[in-house]
Each structure stands twice: as structure tokens, then as C-alpha cells.
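Work through the following exercises with the sequence and the model open. Each task is followed by a solution in steps.

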Amino acid sequence: MIKSKITVINTGGTFNKRYNSLNGLLEVPNDSLALDEIICYIYNIDFEVLNIISKDSLDMNDDDRNLIVNTIKECENQNIIIVHGTDTMNLTASFIDKYIKNKNIVLTGAMVPISINKVEATLNFSSAIGFLNSKIENGIYISMHGSIKNYNNLVKNREIGQFLIKE
């Protein structure tokens, strides 16, 4: 049996956040426990998980985005999922698009941490997997709330807290 291969670049974001009972805060951990919970049930894909940044996306800067680009350039896999915070994933997607043209890249995240509710993060990540396993053109996409579109066509509406298709 031939398995598809996907590299997952984990940068943190709400997707990964966990409650710290010592200080009462939701924090981005330095591990991939949130991803591990999903990946352990996927049997037909070989995943390479790279934990490169553990930040809320509001704390990310161009140095972090350069690290993401350099990590993508070093990836042997054609298909890449980037787990990223939702607040600035569009900025990161645009940054990546300046430097990478020969890969299939899907950014995804969650508005609610997987540690609080597993549904949204699992849906967004699983949709990204299915999308990458179809025949698509090289590009930068976002997978959120049941839609996968070019990063220019799926935007976060901050007033209602949802990603919507841009018309």
C-alpha cells in the first residue's frame, strides 16, 4: 500500500493552547499533543511533524515567518499543512506566497483550542488533509470552517468570529 506524505509545520496558535492550572492562562505549549490526538487515527498518511514555533499568532513577526519559509524550502514533501493562529494566518500566507511557488500549502487553525473542544480543530485539520490528497494546483490555501480556498479568498470576519468566503 502506498501512503501519501504530508509535512505538518506546527507554529502554535489557539489550536494548540492548553489551560495552565498554575497561572490560570491558556498557553501555547512546545509540543504537538493537539496534533497527535488527531494524527493517531489517520492510517493512510505518513506525517512528518515539525514543531518550529510555539506562539500565539499575534506575537509572530517576520523572523518567525522567515523561519516558516526556510522550513518549507527544506521540506522534501510536496504537501504541507501549517497549524497557525487565526489572527495573522493571512499575513503569513501572503508572506509565504512571495517565496514559495512549487508546493501545496494549507494553513489551518482553530478559534477554540482542541483541549477545550476537539471538533473545530479536527474538522479544519482533516479538511486540509483531504484537500491535499486531491489534485490541486500548487498554491497557498486556508482551511477553516468547512471551506478551503486560496488565502486571498477566505478571510476572518472579526465581528462575528468566523472565516467567510470573500466575494
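**Exercise 1.** Is V112 buried, partly exposed or exposed?

Solution. The model is a predicted one.
- Step 1. Find V112 in the loop between β6 and α4.
- Step 2. Take its relative accessible area, which is 33%.
- Step 3. Compare with the cut-offs: buried means under 20% and exposed means over 50%. V112 is therefore partly exposed, because its relative accessible area is 33%.
- Step 4. Look at the surface around V112: together with Y19, L26 and I116, V112 forms a nonpolar patch with about 400 Å² of accessible area.

**Exercise 2.** Determine how the residues of strand β7 are covered and which way they point.

Solution.
- Step 1. Mark β7 at residues 139-144.
- Step 2. Count the buried residues: 6 of 6, and the strand is mostly covered.
- Step 3. Sort by direction. G139, Y141 and S143 point one way, while I140, I142 and M144 point the other way. Residues on both sides are buried.

**Exercise 3.** Identify the strands that pair with β7 and describe the connections.

Solution.
- Step 1. Strand β6 (residues 104-108) pairs with β7 in the parallel sense, over 5 bridges. Within this pairing, V106 has Y141 as its bridge partner.
- Step 2. Follow the chain from β6 through helix α4 (residues 118-132) to β7: this β-α-β crossover is left-handed.
- Step 3. Strand β8 (residues 147-150) pairs with β7 in the antiparallel sense, over 4 bridges. Here the bridge partner of I142 is K149.
- Step 4. Inspect the hairpin formed by β7 and β8: 2 residues lie between the strands, and H145 in the turn has a positive phi of about 55 degrees.

Notes. Residues numbered from 1 in each chain as written. Predicted model: local features only at pLDDT ≥ 70, side-chain atom pairs only at ≥ 80, totals over all residues. Heavy atoms only, no water. Buried < 20%, exposed > 50% of the residue type's maximum accessible area, 1.4 Å probe, protein only. Pairing = 2+ DSSP bridges. Right-handed = clockwise from strand over helix to strand, strands pointing away. Patch = residues over 30% accessible without salt bridge, like charges linked within 9 Å, V, L, I, M, F, W, Y side chains within 5 Å. Areas by Shrake-Rupley, 256 points an atom, 1.4 Å probe, with all protein chains shown as cover. Salt bridge = Lys/Arg side-chain N within 4 Å of Asp/Glu carboxyl O.
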